[in-house]
Amino acid sequence: MHEHFYRLVPRYSRSPNGLVILYGAKHPAVLWYSTFEELETQLINITYRSYFERAGLGRSKDEMLVVLLREQVQHINVLWRLIRTQPGVELLGYCTSPLDVQLCDALDTFSAMEEATIDFTEYRYTRKMGFRDIGCTCFACLPDMEHLTWMWRCARIAHAYLPQRLFDRVFKELKDGVARG
Ligand SMILES: [Zn+2]
């Protein structure tokens, strides 16, 4: 089903044109470029509205978290737009662009922020990272050990020059998975 997707790590792969990202291992969330564009607008509106409702009298903790979420979505969309304009980089079906590594890292942060204890109902916000079983057993969704080994080899070749801390954050899980065999 997603055999033609470019893979980075088990929790991140994307369509060659960059319109769709599968995020999350085993039961990935299917993320659409357009959804995140709309989410950015939605969060801008929410933060403006709550700012004016409080007449600029400072922000509550929850409002600060929503502002941070908005900033993270804007960061994601900057990276995602760049990938859309230069989508064609891959090696044996694996992502070679540093933009994909940065986007995966940004989505990790976004996912953690959505998990944070914000009462989103007040802001009429629904979570985007709902993982669901799309019932797909292709090797992009469920890579076997051979695919994981190749994924790790390609990561070490293509992304060796990235800042070490970024590399470790994004690839540690894959590295440990391959080491465990
Ligand atoms: Zn699949």
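**Helix packing around α5**

Good morning. The crossing of helices α4 and α5 is left-handed. I should state at once that the model we are looking at is a predicted one.

Let me stay with this pair. Helix α4 covers residues 145–158. Its axis and the axis of α5 lie 10 Å apart, at an angle of about 130°. That angle is over 115 and not over 145, so α4 counts as oblique to α5. On the α4 side, the residues that take part are Leu148, Thr149, Met151, Trp152 and Ala155. They meet Phe171, Leu174, Lys175, Gly177 and Val178 of α5. Sorted by class, this contact comprises seven nonpolar residues, two polar ones and one charged residue.

I now turn to the other partner of α5 in this talk, helix α3. Helix α3 runs over residues 98–115 and α5 over residues 164–180. Their axes come within 10 Å of one another and cross at roughly 70°. An angle from 65 to 115 counts as roughly perpendicular, and therefore α3 is described that way relative to α5. The crossing of α3 past α5 is left-handed. From α3, the contact draws on Val101, Cys104 and Asp105; from α5, it draws on Leu166, Arg169 and Val170. Here the classes are four nonpolar, two charged and no polar residues.

What should the 18 residues of α3 span? At 1.5 Å a residue they should span 26 Å, and the end C-alpha atoms are indeed 26 Å apart. Which residues of α3 are buried? They are Leu99, Asp100, Val101, Leu103, Cys104, Leu107 and Phe110. Two of these names, Val101 and Cys104, have already appeared in the contact with α5. The cover over the buried residues of α3 includes the strands β1, β2, β3 and β6, together with the helices α2 and α5.

That brings me to α2. Helix α2 spans residues 61–85, 25 residues in total. From first C-alpha to last it reaches 37 Å, close to the expected 36 Å. Its buried residues are Val66, Leu69, Val73, Ile76, Trp80 and Ile83.

I close with a detail of the backbone. Most residues other than glycine have a negative phi. Leu92, however, has a positive phi of about 55° without being a glycine. Where is Leu92 found? It sits in the loop between β5, residues 90–91, and β6, residues 94–95. Is Leu92 buried or exposed? With 11 other C-beta atoms within 10 Å, and a cut-off of 12 or fewer, Leu92 counts as exposed. Thank you for your attention.

Notes. Residues are numbered from 1 along each chain as its sequence is written. This is a predicted model: local features need pLDDT of at least 70, side-chain atom pairs count only at pLDDT 80 or more; totals for chains, interfaces and linings use all residues. Helices (H or I, at least four residues) and strands (E, at least two) are DSSP runs, numbered from the N terminus. The expected span of a helix is 1.5 Å times one less than its number of residues. A residue is buried if 20 or more other C-beta atoms lie within 10 Å of its own, exposed if 12 or fewer, and partly exposed in between; C-beta atoms are placed from the backbone. Axes are lines fitted to C-alpha atoms, for helices over the stretch in contact, and angles run from 0 to 180 degrees between N-to-C directions. Angles under 35 degrees count as roughly parallel, over 145 as roughly antiparallel, 65 to 115 as roughly perpendicular and the rest as oblique. A crossing is left-handed if the near helix is turned anticlockwise from the far one by less than a right angle, and right-handed if clockwise. Two residues are in contact if their C-beta atoms, placed from the backbone, lie within 7 Å. Ala, Val, Leu, Ile, Met, Phe, Trp, Tyr, Cys and Pro count as nonpolar, Asp, Glu, Lys and Arg as charged, and the others, Gly among them, as polar.
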